Amino acid sequence: MDCRLLSINRSGGLFASTRSTHQRLSSYSQRRSFYCTTNCSMKSYKLSDLSRTEVDSLKARPRIDFSSIFSVVQPIVDDVRTRGDAAVKDYTRRFDKVELDTIVETVNDLPDPVLDPAVQEAFDVAYDNIYAFHAAQKPVEKIVENMEGVRCKRVARCISSVGLYVPGGTAVLPSTALMLSVPAQIAGCKTIVLATPPAQDGSICKEVLYCAKKAGVTHILKAGGAQAISAMAWGSESCPKVEKIYGPGNQYVTAAKMILQNSEAMISIDMPAGPSEVLVIADKHASPVHIAADLLSQAEHGPDSQVVLVVAGEGVDVTAIEDEIEKQCNSLPRGAFASKALSHSFIVHARDMVEAIAFSNLYAPEHLIINVKDAEKWESFVENAGSVFLGEWTPESVGDYASGTNHVLPTYGYARMYSGVSLDSFLKYITVQSLTEEGLRKLGPYVATMAEIEGLDAHKRAVTLRLKDIEARQVSNLR
C-alpha cells in the first residue's frame with residue numbers, strides 16, 4: 001500500500017493549512033457552485049487548500065437531531081407494546097391515511113399477483129443473481145484439532161424469526177424485499193415477517209408481494225414507520241415477535257430500531273443507517289453524462305440524501321459535469337428531491353488518485369463508484385465503503401437491483417465499522433468442543449492452573465475431579 005494513503009501530507013498536501021477555515025470553505029465554493037431551474041447546487045472544495053480540521057468537517061453528514069426524533073418515537077414504541085394491533089391501526093390511520101381491518105396477512109393465503117411479463121422477468125433475474133451470490137456465502141464447517149484429543153468447531157444456525165422492513169413512503173421498493181428475504185430464505189429462517197406501508201386501499205404493492213412469495217416470506221405486516229418496527233419487536237395479537245430487524249428506512253424507522261435494540265424487547269438490528277449516499281471518484285476519462293447520472297441516482301432518493309464527487313487529477317471537464325447535472329436534474333420526475341439533496345452535497349478536487357482514495361476512506365461512503373482508467377487496480381486501497389462499483393460500465397444502479405450484491409448497506413459513515421447485509425446477517429454461530437480422555441489429560445492441568453490464578457476453584461475442580469477419575473481408572477487397570 002502506498003504510504004501516502006495513510007496520511008497524505010505531502011508538501012502542502014491533503015491537510016495543508018494556509019488561510020482561515022471560513023475563507024477557504026466559502027470562497028472556492030462560491031466560484032464553483034452551479035444552479036439549475038430546480039435549484040440544484042453543489043459546493044466545491046480543493047483538498048490541497050484545506051487543513052486537517054476542514055477536511056474532517058467534509059466527512060460530516062447532514063445532521064439528524066435524534067434527541068427530538070426519539071421524543072416522538074418513544075411514545076409510539078410504548079403504545080404499540082401496550083395496545084398491539086389497535087395501536088398499529090391507529091398510527092396507520094393517522095400517518096398513512098389508511099383504514100385497516102387486519103394488519104397482518106399470511107403470505108401463503110394470498111393469491112399470486114399478476115405482473116407484466118417484462119417486469120416479472122426483471123425480478124426473476126434479480127432473484128437468481130441475489131440468490132447465487134448469497135448462497136455462495138454459506139459457511140463451510142471445519143473441525144480443528146488444537147491438541148491431540150481436543151477438537152473444536154464453529155457451527156452456523158439460522159436466526160429463527162426475523163423482521164424485514166421495506167420502505168414505501170416516497171417510492172415503492174420491491175428490490176429491498178428481495179435483498180432482505182433472499183438471504184433469510186437461504187439461511188433457513190423459520191418465520192420471516194416483512195413490513196411495508198399499505199396502499200391507500202389497504203392492499204400490498206403487487207411487486208413487493210411477488211418478491212415476498214418467491215423468497216419465502218411467511219407474514220406481511222401492512223404498516224410502516226416506527227409502529228411497524230415496534231410491532232415486529234414486541235409482537236402483537238397478529239404479528240409474530242421477531243429476534244432481529246433489518247432494512248433501511250427514514251429517521252423515525254432508524255430511531256425505533258435504535259430504541260428497541262436497547263429495550264426489553266430483546267432484539268438486535270442489522271445496523272444503524274441514515275439517508276442514502278454515494279461518492280463518485282472520476283478522472284478525465286470518465287463521461288460527464290455518466291457521472292451526472294450516478295450522482296443523481298442517489299440524490300433522487302430523498303432530500304436528506306448526500307452525493308459527493310471527487311475529481312481525481314487534471315483534465316476533468318467539471319463544467320460539462322455541472323451542465324449534465326442541471327440538464328438531467330430538470331428532467332427527473334423526482335427532481336425536487338434531487339435538488340434538495342444536491343444543496344448539501346459537494347465536489348472535492350484531489351490532485352491524484354492517491355489523494356482521492358484517501359478522502360474516500362475518510363468519508364466512508366455507502367456506495368463508492370470508481371470511474372477512472374484501470375479502476376480495478378485501486379480496489380485494494382479501499383478501506384471504508386459499503387459497496388464498490390469499478391469502472392465506467394458499473395453504475396451503482398446494478399447493485400441496487402440485480403448484480404447480486406446486497407443493497408442494504410451502512411450509511412452516515414458507519415462503513416468504517418459495519419458491513420452491509422449478507423447471509424451472515426441471518427446466521428448466528430455456536431462453538432463446539434469435544435475432548436477425549438487423553439485430550440483432557442493433556443489439556444486439563446493447564447486449565448486448572450489458569451483457574452487457580454483467577455481464584456475460581458469450582459472451575460478448577462470441574463477439571464481436577466475428572467483428572468482424578470482418569471488416574472484412578474488407570475491405576476485400577478494396572479491391577
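Is Ala364 buried or exposed? In this predicted model, Ala364 has a relative accessible area of 0% and is therefore buried, the cut-off for that class being under 20%. The residue belongs to the loop that connects helix 14 (353-363) with strand 13 (367-371). Its backbone is also of note: the phi of Ala364 is near 55°, a positive value in a residue other than glycine. Most residues other than glycine have a negative phi.

A second residue of this kind is Asp374, where phi is likewise positive and near 55°. Asp374 is found in the loop that leads from strand 13 to strand 14 (387-390). Its relative accessibility is 46%, so Asp374 counts as partly exposed. Ala364, by contrast, is buried.

The protein as a whole contains 17 helices and 15 strands. Its C-alpha trace spans about 95 × 65 × 45 Å along the principal axes. Half of the chain is covered by this criterion, as 50% of the 479 residues count as buried. Among contacts with a separation of 6 or more, 76% are made by residues 24 or more positions apart. The accessible surface amounts to about 22,700 Å², and carbon and sulfur atoms contribute 52% of that area. Charged side chains number 49 positive and 57 negative, with the centres of the two sets 6 Å apart.

One element of the fold is an open sheet of 6 strands, with the order 2-7-6-5-8-9 and mixed pairing. Strand 2 (104-106) and strand 9 (268-269) stand at its edges; each has a single partner strand, so one side of each lacks a neighbour in the sheet. Within the sheet, strand 5 (residues 161-165) pairs with strand 6 (residues 191-195) in the parallel sense, over 5 bridges. In this pairing, Ser161 stands opposite Thr191 of strand 6.

Strand 6 also takes part in covering helix 8 (residues 206-214). The buried residues in this helix are Val208, Leu209, Tyr210, Cys211 and Ala212. An α-helix has 3.6 residues a turn, so residues three or four places apart point the same way. The buried stretch of helix 8 runs through consecutive positions, from Val208 to Ala212. The cover over these residues includes helix 6 (117-135) and helix 7 (174-187), together with strand 6 and strand 7 (219-221). After helix 8 comes Gly216, with a positive phi near 80°.

Strand 12 (residues 346-350) is mostly covered, with 5 of its 5 residues buried. Burial extends to both faces of the strand: Phe346, Val348 and Ala350 lie on one side, and Ile347 and His349 on the other. Strand 12 pairs with strand 11 (residues 306-312) in the parallel sense through 5 bridges, and Val308 stands opposite Phe346 in this pairing. Strand 12 also runs parallel to strand 1 (residues 43-46), to which 4 bridges join it. Here Lys46 stands opposite His349.

Terms used:
Residues are numbered from 1 along each chain as its sequence is written. This is a predicted model: local features need pLDDT of at least 70, side-chain atom pairs count only at pLDDT 80 or more; totals for chains, interfaces and linings use all residues. Side-chain values use heavy atoms; hydrogens and water are left out. Two strands pair if DSSP finds at least two bridges between them. Helices (H or I, at least four residues) and strands (E, at least two) are DSSP runs, numbered from the N terminus. Buried means under 20% relative accessible area, exposed over 50%, partly exposed in between (1.4 Å probe, protein chains only). Contact means heavy atoms within 4.5 Å. Accessible areas come from the Shrake-Rupley method with a 1.4 Å probe; for residues, only the protein chains shown count as cover. Lys and Arg count as positive and Asp and Glu as negative; His and the chain ends are not counted. The place of a charge is taken as NZ of Lys, CZ of Arg, CG of Asp or CD of Glu.
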